[in-house]
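Thank you all for coming. I would like to walk you through one structure today, slowly, and I will explain the terms as they come up.

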Amino acid sequence: MRNSRAPRTALALASAAALTLTAAGCAAEDEGSEWAAAHRPTVELPQLKGEKLQVAAVWTGDEQKNFRKVLDEFEKRTGAKVEFVPTGDNVATYIGSKIEGGSPPDVAMLPQVGVLREFAKKGWLKPLGKQALAESRKNFAKGWRELGSYEGKQYGIYYKAANKSLIWYNTQAFEDAGVKEAEDWKSFVKDAETLSDSGVDPVSVGGADGWTLTDWFENVYLSQAGPEKYDQLAEHKIKWTDPSVTKALKTLQELWGKGHLLAGGNQGALQTDFPKSVTQTFGNLASPQAALVFEADFVGVNIEGDTKARIGKDAQVYPFPKVGAKPPVVTAGDAAAVLKNSKGAQALATFLASEDAAGIWAAEGGYVSPNKELDLSAYPNQPQREIAKALVGAGNDFRFDMSDQAPAAFGGTKGEGEWKALQDFLKNPEDIEGTQRALEKAAAKAYEK
């Protein structure tokens, strides 16, 4: 973030994550539907019969289906018709082209803070209206509201959040190898060697999607370098050639530099996208292609949608191991931003700021909301309730995904910037110095604009 100091990521989440995941699967998976059946609307919406709206977001598959249920409720209550448009991975490029072509969507779900700020600076976003602001102030901590703001005006509502510091593992593979949940990085790498010796590739890395690699780096860096350095690097107040970055890359090298520890080796990892990284771990429970995969709580959606694994039994999860003094917790989120200042667009923003909209997706699973007024009973199981409780309980004290804070050209564009530099590093983990030079060159260019 170039315009204000990044709010802080919940170190409190680390302890909550430990609570979270031993309990996985302990509750019935449909409990959230009971909340949905009993819930009564908390926000008043206008009648919009005949109005057509368009919402653009990166979500596909089950995530898109679940968000469609949220939009269906908005249609039911207002009479408006809402079209969902997928953006692809390059959200900034897609939305930017639509704006410059004179046909922007009414609302866009922006996954990068840096993109939201860039769009606001260019005048492409409309400030939230009176009712949307009131709903946001009622339901969200100040830190989340500030993330959606630029120069004192709020433009975004963080409808969906994520805990991006979780290790998901195949229970049978761990039992067969005799390994347990690692608390620190040294144990994590040692366990990977043990898993390899047992006959299964240890770690599934979705290297074809560069954003997964930025998450690996951020978790190592936050735990090892600490929150202050994290903030400085996020704002490019220190260079990517800094010794703290060297140290983090050397740590990643301990894993990425050993091809036998990665499913399919380094080349295999580079050809594996995020969904495949999950199915490699849980698609064949008896003979998995990998023992574990790192990523956010939304891995649960892929497990439930693409495999027969049961979370809490076949699939378990634990906090990212600490590299420094404390385990890292990196969060992310998608902010609803208004691009057309119409009655319908502002009404949809208001709805997305409400507990009504948050609860609909929460009941479906694979979702966490920073909405502090949403009753935890809306979530379908105890693990997700614990994740949500920790997220909300952190208040303003959290750290946001570093690449999502950066300008899109550096932190959010396929084949460019940080994504490309870290993919090149995964291909050749020996070239730490070259990786740092590439990162700094791309960052300097992006942050100048």
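**A walk from helix 3 outwards**

Let me begin just after helix 3, where G79 takes a positive phi of about 85°; helices (H or I, at least four residues) and strands (E, at least two) are DSSP runs, numbered from the N terminus. Before going further, please keep in mind that this is a predicted model, in which local features need pLDDT of at least 70 and side-chain atom pairs count only at pLDDT 80 or more, while totals for chains, interfaces and linings use all residues. Residues are numbered from 1 along each chain as its sequence is written, and side-chain values use heavy atoms, with hydrogens and water left out.

Helix 3 itself covers residues 61-78, and its 18 residues reach 26 Å from the first C-alpha to the last, close to the 26 Å expected at 1.5 Å a residue, where the expected span is 1.5 Å times one less than the number of residues. Its buried residues include E63, F67, V70, F74 and E75, where buried means under 20% relative accessible area, exposed over 50%, and partly exposed in between, with a 1.4 Å probe and protein chains only.

What does F74 touch, if we do not count residues up to four places away in sequence? Among its contacts, meaning heavy atoms within 4.5 Å, are L45, L48, G79, V82, A347 and F351. F74 also belongs, with F67, M109, W144 and Y159, to the residues that touch the most other members of the largest nonpolar core, which has 74 residues; such a core is a set of buried Ala, Val, Leu, Ile, Met, Phe, Trp, Tyr and Cys residues joined through side-chain atoms within 4.5 Å. Helix 16 (residues 343-352) gives the most to this core, with 6 residues. Apart from it lies another core, of 54 residues, among them V179, A248, L255 and F425.

Now to the sheet, which is open, has 5 strands in the order 2-1-3-11-6, and shows mixed pairing; two strands pair if DSSP finds at least two bridges between them. The edge strands, each pairing on one side only, are strand 2 (81-86) and strand 6 (156-163). Strand 6 runs antiparallel to strand 11 (residues 331-338), and 7 bridges join the two, with A162 standing opposite A332 in strand 11. Helix 5 (residues 113-121) packs on the sheet, touching strand 3 (107-110), strand 6 and strand 11, and its direction makes about 140° with that of strand 3; axes here are lines fitted to C-alpha atoms, for helices over the stretch in contact, and angles run from 0 to 180 degrees between N-to-C directions.

Finally, the charged side chains: a search of the whole structure finds 17 salt bridges, each being a side-chain nitrogen of Lys or Arg within 4 Å of a carboxyl oxygen of Asp or Glu. In one of them, E63 meets K160, the closest N and O atoms being 3.2 Å apart. Because E63 lies in helix 3 and K160 in strand 6, the pair ties together parts that are 97 residues apart in sequence, and both E63 and K160 are buried. D314 and R310 form another, also with closest N and O atoms 3.2 Å apart; here D314 is buried, at 15% relative accessible area, whereas R310, at 45%, counts as partly exposed. Lastly, R68, D72 and E75 are linked in a network of salt bridges.
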